[in-house]
Amino acid sequence: MNIVYNNKQNLCEFRMVATGDVFLFNGIEYMRIQQVKSYDGIRYNAATLKEGLLMTFKDTDNVAVIDADLVIK
């Protein structure tokens, strides 16, 4: 999968990111997902695009929303 985006970034708090939107945090691309709960009670609300790792962000975390095209070959 190729991830293509320009350098234009909208800085905002995580709470403003819509489900399905792509954003950067510490230089890593993420997609906001519908919140899921693991068997041990951890709630996840984002996934890395390259590895698919689940992550948890607080509503007040600052992220950079980007306009990305995901190209699946």
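Reader: What makes strand β4 (residues 43-48) largely enclosed by the rest of the structure?

Author: In this predicted model, five of the six residues of β4 are buried, so the strand is largely enclosed by the rest of the structure. Buried here means a relative accessible area under 20%.

Reader: Why is Asn45 called buried?

Author: Asn45 is found in strand β4. Its relative accessible area is 7%, and the limit for a buried residue is under 20%; Asn45 is therefore buried.

Reader: What does the side chain of Asn45 reach, and which residues does Asn45 touch?

Author: The side chain of Asn45 reaches the backbone oxygen of Phe57 at 2.8 Å. A polar contact requires N or O atoms within 3.5 Å, and the value of 2.8 Å satisfies that distance limit. Residues up to four places away in sequence being left out, Asn45 touches Phe14, Met31, Arg32, Ile33, Met55, Thr56 and Phe57.

Reader: How do you know that β3 and β4 pair, and in which sense do they run?

Author: Pairing requires at least two bridges. Five bridges join β3 to β4, and these strands run antiparallel. One bridge partnership is that of Tyr30 with Thr48 in β4. The two strands form a hairpin with five residues between them, and Gly41 in the turn has a positive phi of about 95 degrees.

Reader: How many bridges support the pairing of β4 with strand β5 (residues 54-55)?

Author: β4 and β5 pair over two bridges in the antiparallel sense, which meets the requirement of at least two. Ala47 has Leu54 in β5 as its bridge partner. This hairpin has five residues between the strands, and Gly52 takes a positive phi near 75 degrees.

Reader: What makes the phi of Asn26 notable, and where does Asn26 lie?

Author: Asn26 has a positive phi of about 55 degrees although it is not a glycine. Its place is in the loop between β2 (22-25) and β3 (28-37).

Reader: Why does Asn26 count as exposed or buried?

Author: The relative accessibility of Asn26 is 67%, and exposed means over 50%; Asn26 therefore counts as exposed.

Reader: Why does Val63 count as buried or exposed?

Author: Val63 lies in strand β6 (residues 62-71). Its relative accessibility is 2%, set against a limit of under 20% for buried residues; Val63 therefore counts as buried.

Reader: Which residues does Val63 touch beyond those up to four places away in sequence?

Author: Val63 touches Asn10, Leu11, Cys12, Glu13, Phe14, Val17, Phe23, Leu24 and Phe25. With Leu24, the separation is 39 residues in sequence and 5.9 Å in space, C-alpha to C-alpha.

Reader: Which residues form the largest nonpolar core?

Author: The largest nonpolar core has nine residues: Cys12, Phe14, Val17, Phe23, Tyr30, Ala46, Phe57, Val63 and Val65. A second, separate core has six residues, including Leu24, Leu49, Ala64 and Ile66.

Reader: How do you know that Glu13 and Arg15 form a salt bridge?

Author: Their side chains meet at 2.6 Å, N to O, and the cut-off is 4 Å; the pair therefore qualifies as a salt bridge. A search of the whole structure finds one salt bridge.

Reader: Why are Glu13 and Arg15 called partly exposed?

Author: Partly exposed residues fall between the buried limit of 20% and the exposed limit of 50%. Glu13, at 28%, therefore counts as partly exposed, and so does Arg15, at 44%.

Reader: How many aromatic pairs does a search of the whole structure find?

Author: The search finds six aromatic pairs. One of them joins Phe23 and Phe57, with 5.3 Å centre to centre and 80 degrees between the planes.

Reader: Why is the pair of Phe23 and Phe57 called edge-to-face?

Author: Ring centres must lie within 6.5 Å, and planes over 60 degrees apart count as edge-to-face. The values of 5.3 Å and 80 degrees therefore make the pair edge-to-face. Phe23 lies in strand β2 and Phe57 in the loop between β5 and β6, so the pair ties together parts that are 34 residues apart in sequence.

Reader: What describes the pair of Phe25 and Phe57?

Author: Phe25 and Phe57 are also edge-to-face, at 5.1 Å centre to centre and 85 degrees between the planes. Phe25 is partly exposed at 25%, whereas Phe57 is buried at 6%. Phe14, Phe23, Phe25, Tyr30 and Phe57 form one aromatic cluster.

Definitions and conventions:
Residues numbered from 1 in each chain as written. Predicted model: local features only at pLDDT ≥ 70, side-chain atom pairs only at ≥ 80, totals over all residues. Heavy atoms only, no water. Helix = DSSP H or I, 4+ residues; strand = E, 2+ residues; numbered from the N terminus. Buried < 20%, exposed > 50% of the residue type's maximum accessible area, 1.4 Å probe, protein only. Contact = heavy atoms within 4.5 Å. Core = buried A, V, L, I, M, F, W, Y, C linked by side-chain atoms within 4.5 Å. Phe/Tyr/Trp six-rings, centres within 6.5 Å; stacked < 30°, edge-to-face > 60°. Polar contact = N/O pair within 3.5 Å; in protein donor to acceptor, adjacent residues only side chain to side chain.
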